[in-house]
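The exercises below are meant to be worked with the sequence and the 3D structure open side by side. Try each task before reading its solution.

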Amino acid sequence: MSNQNRDLDKAFGQFSSNKTQLCDTLEPKELEFDSQEDVLDATQSIDFDKGDIIIKKSGIYLVIAGPQVAKLRGARNRWIDFWLRVNNVDLPNSNVRRVLTDSQEKDVIPLNTVCPLNRGDTLNIMMASETESEGIGIEAMQPDGEPTIPSIILTLVQLH
Amino acid sequence: MSISFSEKKYLKKSLVIKTLLVFIIFVTITSFFQLSFGASGERDPSCHVLEISENCELSGIGHLVYGDLTIGGVLALLFHYFAHKSQVRLDKIIFANEEQNRRRKDFAVFHLKSQTTAMLFNLGRIKKTVSFYNSAVKSPYQPLTVEEKERSWKMRTLNERIRFEQDKLTRLLDIIRSTLVGAQDVIEPEIVGQIDGVITFLGEMTIEEKPDLTMEFMKYRISKRKILYLLEKLKSYSVDSHEFKEIELAMENELKRYNFRNDDDKN
């Protein structure tokens, strides 16, 4: 079936970032995206502008984000939090935390939620850490002979 | 719903006629029933079972037909008449209520549309004023000269203008919020949610001052896009059907082109 003939009545989208983003302030920071998987007509139903994911179809959405956390310096335990923000307001009960000790630690923190979103709503993935001087954040990597490891992968699926 | 004096007079007259009519029917029927219930058991075998005459006593079946069944029929007719009357009245009330809701919805959508357009205009003014302010900050000047005085004056007045426009935006948001609260029972929940999202987003929007004294209107493009989405939805409202039309995603590209064409700078 060609893309033109396929009837996509549910919105979906996959976004990622190939840029390392570190917490350089103690204030919450918006994670930015730089690519959207061009899956059929997905670009017509969800869009993005830097860190803002823009919903074009109203509905109930499943949001799954996987930030690749890392720490560049230091050997003390430091926490890093990730949560969702809808229309510039933090989404309750969406926060997740990981504690990092040294620069060898790499991990993906799953962040998932189901929330109603309306046309025009903006969704942001927020990040905050305990310190701004130890290079804590999300890291993109380029292993030899493998696909790029993005600093974050975000998937949105309209459920209803 | 108010009732005029002439209507009241007419209603009173009609009520008197109806009462008289019911009274006459009641008297006639009860007289007839008195006759039928007055029947005794002794009767002439030559009389018909339903015969009513001076020489014939009313039979048991006659009792049933003339008495119970007729009373039942008359009462059924009477109750049906009353039920019909009250149903007609209820229908009128429901129709009037629906009509009022439709008028409220029309007004709310019209009001929201004009306020949203005003908000879009206001955002544009803030953006432009911030741009003028930044130009004033960056303009070259020599200390203790007329240039410096003019630059300071521009910065001060433009800063005041930005604050003024921000206050205006806050007022517009309050107006939209109160309109929404007043009309949330007549507007579709999806639209209410969308408007609420725009209000929430714009309410949290900030103008950041940078270390070099310039200002940045954070997320202007997104704000504008959200308002355009909302306007597009509000414009799809039809006063004939009192419904919002479905927005096709194909319109998206057109909207995008419009959006970018009107953006002077892309943040």
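**Exercise 1.** In this predicted model, work out how strand β8 of chain A is paired with β13(A), and find the residue of β13(A) that stands opposite Trp83(A).

*Solution.* Begin with the pair of strands as a whole: β8(A) and strand β13, which covers residues 122–129 of chain A, run antiparallel to each other and are paired over 7 bridges. Then follow the register at one position, where Trp83(A) has Met126(A) of β13(A) opposite it.

**Exercise 2.** Find what else strand β8 of chain A pairs with, taking β10(A) before β9(A).

*Solution.* First, β8(A), residues 78–86, is joined in the antiparallel sense by 5 bridges to strand β10, residues 96–100 of chain A. Within that pair, the residue of β10(A) opposite Arg78(A) is Leu100(A). Next, β8(A) also pairs with strand β9, residues 89–90 of chain A, again antiparallel and over 2 bridges, and here Val86(A) has Val89(A) as its bridge partner. Finally, look at the connection, since β8(A) and β9(A) make a hairpin that leaves 2 residues between them, and Asn87(A) in this turn has a positive phi of about 55°.

**Exercise 3.** Describe the partners of strand β15 of chain A, and then sort the residues of β15(A) by face.

*Solution.* One partner is strand β1, residues 12–17 of chain A, which runs antiparallel to β15(A) and is joined to it by 6 bridges; in this pair Ser16(A) is matched with Ile153(A). Another partner is strand β7, residues 59–71 of chain A, paired with β15(A) over 7 bridges and likewise antiparallel, with Val63(A) matched to Leu156(A). Turning to the faces of β15(A), residues 152–158, the covered one holds Ile152(A), Leu154(A), Leu156(A) and Gln158(A), while Ile153(A), Thr155(A) and Val157(A) lie on the uncovered one.

**Exercise 4.** Characterise the contact between chain A and chain B.

*Solution.* Count both sides first: 15 residues of chain A touch 17 residues of chain B. On the chain A side, the elements that contribute two or more residues are α1 (42–45) and β6 (52–55). By type, the chain A residues on this side are 2 nonpolar, 8 polar and 5 charged.

**Exercise 5.** Give an outline of chain B, and then examine its helix α5.

*Solution.* Chain B contains 6 helices and 4 strands, which follow one another from the N terminus in the order α-α-α-α-β-β-α-β-β-α. Of its 267 residues, 16% count as buried, and among contacts between residues at least 6 apart in sequence, 63% link residues at least 24 apart. Helix α5 of chain B, residues 220–235, has 16 residues and spans 22 Å from first C-alpha to last, close to the 22 Å expected at 1.5 Å a residue. Among the buried residues of α5(B) are Tyr220(B), Ile222(B), Ile227(B), Leu230(B) and Leu234(B), together with charged-type names such as Arg225(B) and Lys226(B).

**Exercise 6.** Is Tyr141(B) buried, partly exposed or exposed, and which residues does Tyr141(B) contact?

*Solution.* Locate Tyr141(B) in the loop between α2 (60–138) and α3 (146–183) of chain B. Tyr141(B) has 14 other C-beta atoms within 10 Å, and therefore counts as partly exposed, because that class lies between exposed, at 12 or fewer, and buried, at 20 or more. Leaving aside neighbours within four places in sequence, Tyr141(B) contacts Glu147(B), Glu148(B) and Arg151(B). For Arg151(B), which is 10 residues from Tyr141(B) along the chain, the C-alpha separation is 7.7 Å.

Methods. Residues are numbered from 1 along each chain as its sequence is written. Chains are lettered from A and ligands numbered from 1 in the order in which they are written. This is a predicted model: local features need pLDDT of at least 70, side-chain atom pairs count only at pLDDT 80 or more; totals for chains, interfaces and linings use all residues. The expected span of a helix is 1.5 Å times one less than its number of residues. Two residues are in contact if their C-beta atoms, placed from the backbone, lie within 7 Å. Two strands pair if DSSP finds at least two bridges between them.
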